[in-house]
Amino acid sequence: MTLRVPYIADETIERDAEALLAQYAHAKGLEVKAPIPIEDIIEKHLKLHTEFDDLHRRLGVPRGGAGTEADIFGAIWFETGEIVIDESLDPEERPSIEGRYRFTLAHEGGHWRLHRPLDGGPGSLFGYARQPTVVCRSSRAKERVELQANLYASCLLMPRKLVFQAWRDWFGNDHPLVLWRKDGTIDVDKIIRMLPKCVVSAVISHSFNPVCDDQLRQHFARPFAEQFLVSPTAMRIRLEMLGLLHRKDPRQQHDPFF
């Protein structure tokens, strides 16, 4: 079953993420900087227990055929304060997936902060308390409960103030960028001027393929993604949400998982 949650304004979600960071900074007596120490926040500050496991086996959900991406990334038990991340996201086994692991951990923290007060109590959703309160599945990514936790994770790992500061450090101002010309084509010259050489080659290789528009913006976001230790996709979406990076289609895109 799905945890039914009410509408929560984006501004309210972001304020709570900022409050959590401020509480953590005060408790630790330090200044929060990128990359956000999400494991310390989840385990030491919120006192949640985290572990890796094969969630598909544990919950009795088929994983799919060989080479199939995991459908379940994480689960949380409100009554015990336990978070389990699927073993496919273990960054020690797959260092390239660290950004996705950190986002999933922050996503579960979002459930804890936003949705724990809404839970009807142990066993209210599944009939017995040993089942998780929320199971985070890519196949259910567009449900309200998941979109809210995604936004929380984005605000927590990529705080508005720190992202704007990183943007100013890189460009010298906080002016938004549009990587498109008036005729609807990609402004490759602008991209080349603004990106490091290691990224430029990847941009040029995709620059005339309209199917790869998102990939282009992700290449552009990569230096920021490395600074905040998140995936380029997550960073690209955050830059767009903050109005710093404009896409050809101004309508907001909801990517299911990062």
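# Exercises on salt bridges, a helix and a charged patch

In this predicted model, Asp16 and Arg113 form a salt bridge, with their closest N and O atoms 2.8 Å apart.

**Exercise 1.** Work out which helices the Asp16–Arg113 pair ties together, and how far apart in sequence those parts are.

*Solution.* Start by placing each partner. Asp16 lies in helix α1 (residues 10–28) and Arg113 in helix α4, so the pair links parts that are 97 residues apart in sequence. Next, check how open the two are. Asp16 has a relative accessibility of 23% and counts as partly exposed. Arg113 is partly exposed too, at 21%.

**Exercise 2.** Take the salt bridge between Asp40 and Lys28 and find the elements that hold the two residues.

*Solution.* First, the contact: the side chains of Asp40 and Lys28 meet at 3.5 Å, N to O. Now the places: Asp40 sits in helix α2 (residues 38–45) and Lys28 in helix α1, so this pair ties together parts 12 residues apart in sequence. Lys28 itself is partly exposed, with a relative accessible area of 42%.

**Exercise 3.** Decide whether Arg137 and Asp71 are buried or exposed, and say what their salt bridge connects.

*Solution.* Begin with the distance: their side chains meet at 2.7 Å, N to O. Then look at where they are. Arg137 belongs to strand β4 (residues 134–137), while Asp71 is in the loop between α3 (55–59) and β2 (72–77), so the pair joins parts 66 residues apart in sequence. Last step: buried means under 20% relative accessible area, and both Arg137 and Asp71 are buried.

Some other salt bridges share partners, and they join Glu51, Asp53, Arg57, Arg58 and Glu82 into one network. The count for the model comes to 12 salt bridges.

**Exercise 4.** Compare the reach of helix α5 with the expected value, then explain why α5 is largely enclosed.

*Solution.* Helix α5 (residues 144–157) has 14 residues and reaches 20 Å from its first C-alpha to its last, close to the 20 Å expected at 1.5 Å a residue. For the second part, count the buried residues: 12 of the 14 are buried, so α5 is largely enclosed by the rest of the structure. Among them are Val145, Glu146, Tyr152, Cys155 and Leu157.

**Exercise 5.** Find out which residues gather in a patch of negative charge on the surface.

*Solution.* The patch brings together Glu39, Glu43, Glu87, Glu92, Glu93 and Glu98. Pick Glu98 for a closer look: its place is in helix α4 (residues 98–115). Patch residues need over 30% relative accessible area, and Glu98 is partly exposed at 31%.

Notes: Residues numbered from 1 in each chain as written. Predicted model: local features only at pLDDT ≥ 70, side-chain atom pairs only at ≥ 80, totals over all residues. Heavy atoms only, no water. Patch = residues over 30% accessible without salt bridge, like charges linked within 9 Å, V, L, I, M, F, W, Y side chains within 5 Å. Areas by Shrake-Rupley, 256 points an atom, 1.4 Å probe, with all protein chains shown as cover. Salt bridge = Lys/Arg side-chain N within 4 Å of Asp/Glu carboxyl O. Lys, Arg positive; Asp, Glu negative; His and termini not counted. Charge placed at Lys NZ, Arg CZ, Asp CG, Glu CD. Helix = DSSP H or I, 4+ residues; strand = E, 2+ residues; numbered from the N terminus. Buried < 20%, exposed > 50% of the residue type's maximum accessible area, 1.4 Å probe, protein only. Expected span 1.5 Å × (residues − 1).
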